[in-house]
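Grab a pencil and work through these exercises with the model open beside you. Try each task before you read its solution.

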Amino acid sequence: MSEIQVSAFRWVPPFAQGLVRDLRVRWALEEANWDYEELLLEPQDQKSESYRRLQPFGQVPAFKSNGLSIFESGAIVMHVAENSGALMPGDEAARAHVKTWMFASLNTVEPPIMMLNFMELSGKAKDAGPLRDEIIKAIGVRLDNVATYLGAHDYLVANRFTAADLLMTAVLRILRSTDLVSQRERLEAYRLRCEDRPAFKKALAAQMATFAANEPRKH
Ligand SMILES: N[C@@H](CCC(=O)N[C@@H](CS)C(=O)NCC(=O)O)C(=O)O
């Protein structure tokens, strides 16, 4: 039995498939070449007392390994990055920079993207009019900032793929139903470069295989 367990949903509707945040953890684990098992949840499991002890908000992902339990996708990716050579450079200044960009991905770039996402999923986007336009503008500014910082570099830090790129790519993917990333050539090339990694493809295939295997019957 693998000593690492990662919680994931047994099935989600197609709009969320390939975006659920256990993907970030699966990707990090594939980069580190660490085996893991899925801890698959039904919706009702999210409310159970035992799962809430693991993930107080009832969300995925949660991570368990040898008595260690972690929630928050960023914290889990950080744990994998700090304990494997795969996602973090050795140099102290570069490590600090990777962590900085991990937080920037989740705390500066992701929030306006999630505002738009929430509006779209609530079905109220059409009523949101000018507010929605403002949020799209704010997302654009953040994306332009990332693209400018990247410049002609392939990756955010130390000229190599790190945990910062993993999280930034996962965040950019949330915009897949819009052209906000694809219309920014440099950023789109960056996203595609990161998603072209074998570890990403393996992680995505694993998440999608679970959904395919648990597709609800039509009636
Ligand atoms: N900040 C958390 C967010 C986790 C999150 O939003 N998970 C979603 C799936 S991507 C979830 O479990 N949603 C169901 C819910 O909130 O009840 C993280 O990065 O781990």
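**Exercise 1.** What volume does the largest cavity have?

*Solution.* Keep in mind that we're working with a predicted model. Start with the idea: rolling a probe the size of a water molecule over the atoms shows where empty space is left. Next, count: there is one cavity of 30 Å³ or more. Finally, read off the size: the largest cavity has a volume of about 60 Å³.

**Exercise 2.** Which residues line the largest cavity, and which elements give two or more residues to the lining?

*Solution.* First list the lining: Gly18, Leu19, Val20, Arg21, Leu23, Arg24, Ala170, Arg173 and Ile174. Then look for the elements that supply two or more of these residues, and you get α1 and α6. Now sort the lining by class: five residues are nonpolar, one is polar and three are charged.

**Exercise 3.** Is helix α6 mostly covered or mostly uncovered, and what covers its buried residues?

*Solution.* Take buried to mean under 20% relative accessible area. With that cut-off, 11 of the 11 residues in α6 (163–173) are buried, so the helix is mostly covered. Ala170 and Arg173 are among those buried residues. For the cover, check the neighbours: they include α1, α3, α4, α5, α7 and α8.

**Exercise 4.** Which residues are around the ligand?

*Solution.* Go round the ligand and you meet Phe9, Val20, Arg21, Gln46, Gln59, Val60, Pro61, Glu72 and Ser73. Now zoom in on three of them. A polar side-chain atom of Gln46 sits 3.0 Å from a ligand oxygen. With Val60, a backbone N or O atom lies 2.9 Å from a ligand nitrogen. For Ser73, a side-chain N or O atom is 2.6 Å from an oxygen of the ligand.

How values were computed:
Residues are numbered from 1 along each chain as its sequence is written. This is a predicted model: local features need pLDDT of at least 70, side-chain atom pairs count only at pLDDT 80 or more; totals for chains, interfaces and linings use all residues. Side-chain values use heavy atoms; hydrogens and water are left out. Buried means under 20% relative accessible area, exposed over 50%, partly exposed in between (1.4 Å probe, protein chains only). Helices (H or I, at least four residues) and strands (E, at least two) are DSSP runs, numbered from the N terminus. Contact means heavy atoms within 4.5 Å. On a 1 Å grid over the protein atoms alone, a cavity is a set of points where a 1.4 Å probe fits but cannot get out, and a pocket is an open set with protein on both sides within 12 Å along at least five of seven lines; lining residues have an atom within 4 Å of a point. Grid points are joined across faces, edges and corners, and a volume is the space filled by probe spheres set on the points. Ala, Val, Leu, Ile, Met, Phe, Trp, Tyr, Cys and Pro count as nonpolar, Asp, Glu, Lys and Arg as charged, and the others, Gly among them, as polar. A residue is near a molecule or strand if one of its heavy atoms lies within 4 Å of it. A polar contact is a pair of N or O atoms within 3.5 Å; within protein, one must be able to donate a hydrogen and the other to accept it, and residues adjacent in sequence count only if both atoms are side-chain atoms.
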